[in-house]
Amino acid sequence: MAKRVGMEVAMAVAEAVGQCNIDMAAVYPITPQSHIAEHLSELIADGKVDAEFVTVESEHSAMSAVIGASGTGARVYTATSSQGLMLMHELLPIASAMRLPIVMGIANRAVSGPLNILNDHSDIMPQRDSGWISIFAENGQEAIDLSIQAFKIAEHKDVLLPVCINIDGFQLTHMVEPVEFPEQELVNKFLPPREPYATLHPGKPVTMGAFAMADYYPEMMKAKNEAIKNSKKTILAVWEEWAKIFGRRYSPVETYKAEGAEILLLTMGSMGETAEVAIDELRAQGKSVGLVKLRLWRPFPFEELKEAVKEAKKLIVTDRAVSFGGPGGPVFSEIKSALYHEEARPMICNYIIGLGGRDVAVTDFTGMIERVVQEDVKKIADTYEFWGVRE
Amino acid sequence: MNIVENFDLYAPRLVTKKELFCAGHRACQGCGEVLAVRLMCKALGENTVIASATGCMEIVSSLYPSTAWEVPWIHVAFENAAAVASGVEAGLKALRKKGRIDDRYIKVVGMAGDGGTMDIGLQALSGAMERGHDMLFVCFDNEAYMNTGIQRSSGTPMGASTTTAPAGKISYGQKTWKKNMPEIMVAHNIPYVATACPSYPLDFIRKVEKAKKIKGPSYIHCFSVCPTGWRSPSHLTIALGRLVVETGIFPLYEVENGKYKISAEMPKKLKPIKDYFKTQGRFRHLGEAEIEMIQKRVNSEYDKLLDKVKCLKAWN
């Protein structure tokens, strides 16, 4: 049985990646991701992990280098945050189009301007349509588990897509949490060496990253979309296998005291645990409330989401990012469109919360729920509001 | 006997017949760059992996579902060929060490045009060279953004007319001196830097072979005539590549571990730059005064280079 240890989550993520027999990593420092880069370099410097660590001069080059290395058939890892992710943006759809199983940790942080180093989800949201599988961790243990599972999902012959694991910056990356590392032997069994489809090797020359015009491009885009839609099957199978071996269960949409609840709150990432406390408090007062946590952001889990909210009367969606001039937060937009065709669907409202590291407290969630209880449904339906923001 | 004059005689014995960049690509008639790429591939041989930047050579060679490449080749984006090559090198190194691929030596090569090297790709290249990857980087310099329609780059020479620095009633075109890219590479203290031109095929091949043997970073700046962008007759490509060298505008030299050496192809006495300018539409608008100004600069730059050869020899 694996032992529980207290460790900072960013370091724990590096340890977990180190357990995955990676061949190469290229990580450029950026707060609050840097501890992943530092600890991974330490593990390599001490000979505990046998991999090449490329000390690139930018995040753009970090992504470029892992694309190149992944092209040779190596198992690769990178990590970044905020501006670094924005700098990588150009390359993200190329990595997925080349069907390279790159794994990336994202210490989610607000994007500039103004410069802000603290947590929100405004870095990952603009990457939504890049063809990457995108999964959110709620705590340190999940960050470890998901980082290991990511390689298995990405490299699966039915997937062959890059995967990013979202780990809230500071709120998760800098917390010292009790975590349990899976035994190395079990990880080796769970995650055998990568079997690449094609590699950059003179033994069998291939051309990667060819140029395609209107005669092929649309088919390639459709193929990529099919691939990411189909990846859900593998993701579910990998989570099932993980539960069997390691006893911890993961699903695309997770619920907490949601059964039969009239009002549901929906969160993504580390806010989920705070929201659980709010739900406990309100349940103790006899209120019919529950929590839905969206873990799988891409591919979007339509079926699971519909199932989770079908009995609720009101659904409060929280967003840690803004779609300026848009219909609400990006998660809100997705949920609304996912439920549009449902005959029985809850009234949905949206609160944008925790931007730029603004503290998210239990009282914020209880406040939102109480507001929804009191307010006239028609007045708040389909609208969004910046929660707790000064006018 | 000059080896270039008697190329037909020597070539079959000195240059392999095996093509690793094959016919059927879509390069323009008289393209000096594609000739250089073909010669480079001959010199590198099959145990090579190439990471290419976006640009003419990428689009003419890789239109899906065809490819001109007989060696493993990867293209990702415009500014990152050197970073991609870094990753390829690191990946192959790790896999070789772990016994997951055979232990043959594979040369990793990054390639880009002047824009992909000197402008948008400079940071990635500087990083890769500084980190000391076992990699050759070749800049195929045709002195403007030809793929996008002849816009100026930092490699465009003074006085040339381009679509974003056009000659007009109050302008003679490019108003800046060409960035000295080989010197920037020399400043990275890498083991080998050279300039070359496919109009001197044996010199170019020899330089690529030399770079191939170096277990570390090396850089070749290859001058590539572009008839489309320069508005020069396509049958004059080889002649223009020779004139740019003979006028001293683009001298052929090597810098091995910091020591400068002028290549044997350089003439004792330089020709006037007018000879080089006259067949090119991009320079047609230049008057005597501008040509005089450029001639002075070419002379002084060439003298500086000769001084470096002398000075570093004496210092040794």
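Analyst: Ala, Val, Leu, Ile, Met, Phe, Trp, Tyr, Cys and Pro count here as nonpolar, Asp, Glu, Lys and Arg as charged, and the others, Gly among them, as polar. Keep in mind that we're looking at a predicted model.

User: OK, so how do the residues lining the largest pocket divide under that scheme?

Analyst: You get 22 nonpolar, three polar and five charged residues. The lining holds 30 residues, and those nearest the pocket's centre are A:Ala97, A:Met98, A:Arg99, A:Gly209 and A:Ala210. Arg is on the charged list and Gly goes with the polar group, so A:Arg99 counts as charged and A:Gly209 as polar.

User: Which element gives the most to that lining?

Analyst: That's H8(A), with six residues. Helix H5 (92-97), strand E9 (207-208) and helix H8 (217-246) of chain A each put in at least two. The space in this pocket comes to about 1,100 Å³.

User: And what is the volume of the second largest pocket?

Analyst: About 550 Å³. It has 25 lining residues, with B:Lys178, B:Asn180, B:Ile249, B:Pro251 and B:Glu301 closest to the centre. Helix H7 (181-186) and helix H12 (288-315) of chain B are the elements giving two or more residues, and H12(B) has the largest share, at eight. By class, that lining splits into 14 nonpolar, three polar and eight charged residues.

User: What makes B:Glu143 and B:Lys178 a salt bridge?

Analyst: The cut-off is 4 Å between a side-chain nitrogen of Lys or Arg and a carboxyl oxygen of Asp or Glu. Here the closest N and O atoms are 2.9 Å apart, so the pair passes. The two residues sit in distant parts of the chain, 35 residues apart: B:Glu143 in the loop between strand E4 (135-141) and strand E5 (167-168) of chain B, B:Lys178 in the loop between strand E6 (171-172) and H7 of chain B.

User: Is B:Glu143 buried or exposed, and how do you know?

Analyst: Buried means under 20% relative accessible area. B:Glu143 has 3%, so it's buried. B:Lys178 has 24%, which is over that limit but not over the 50% needed for exposed, so it's called partly exposed.

User: Why does the pair of A:Asp50 and B:Lys97 join two chains?

Analyst: Because A:Asp50 lies in the loop between helix H2 (34-45) and strand E3 (52-54) of chain A, whereas B:Lys97 belongs to helix H4 (residues 81-97) of chain B. Their N to O distance is 2.8 Å, so the 4 Å test is met. At 36% relative accessibility A:Asp50 is partly exposed, and B:Lys97, at 58%, counts as exposed.

User: How far apart along helix H8 of chain B are B:Asp203 and B:Arg206?

Analyst: Three residues, about one turn of the helix. An α-helix has 3.6 residues a turn, so residues three or four places apart point the same way. The N to O distance for this pair is 3.6 Å, so it also falls within 4 Å and counts as a salt bridge. B:Asp203 is buried at 3% relative accessibility, while B:Arg206 is partly exposed at 35%.

User: Which residues are linked with them in a network of salt bridges?

Analyst: B:Lys207, B:Lys210, B:Glu254, B:Glu256 and B:Lys261 are in that network along with B:Asp203 and B:Arg206. Over all chains, the count comes to 44 salt bridges.

Note on methods:
Residues are numbered from 1 along each chain as its sequence is written. Chains are lettered from A and ligands numbered from 1 in the order in which they are written. This is a predicted model: local features need pLDDT of at least 70, side-chain atom pairs count only at pLDDT 80 or more; totals for chains, interfaces and linings use all residues. Side-chain values use heavy atoms; hydrogens and water are left out. On a 1 Å grid over the protein atoms alone, a cavity is a set of points where a 1.4 Å probe fits but cannot get out, and a pocket is an open set with protein on both sides within 12 Å along at least five of seven lines; lining residues have an atom within 4 Å of a point. Grid points are joined across faces, edges and corners, and a volume is the space filled by probe spheres set on the points. Helices (H or I, at least four residues) and strands (E, at least two) are DSSP runs, numbered from the N terminus. Buried means under 20% relative accessible area, exposed over 50%, partly exposed in between (1.4 Å probe, protein chains only).
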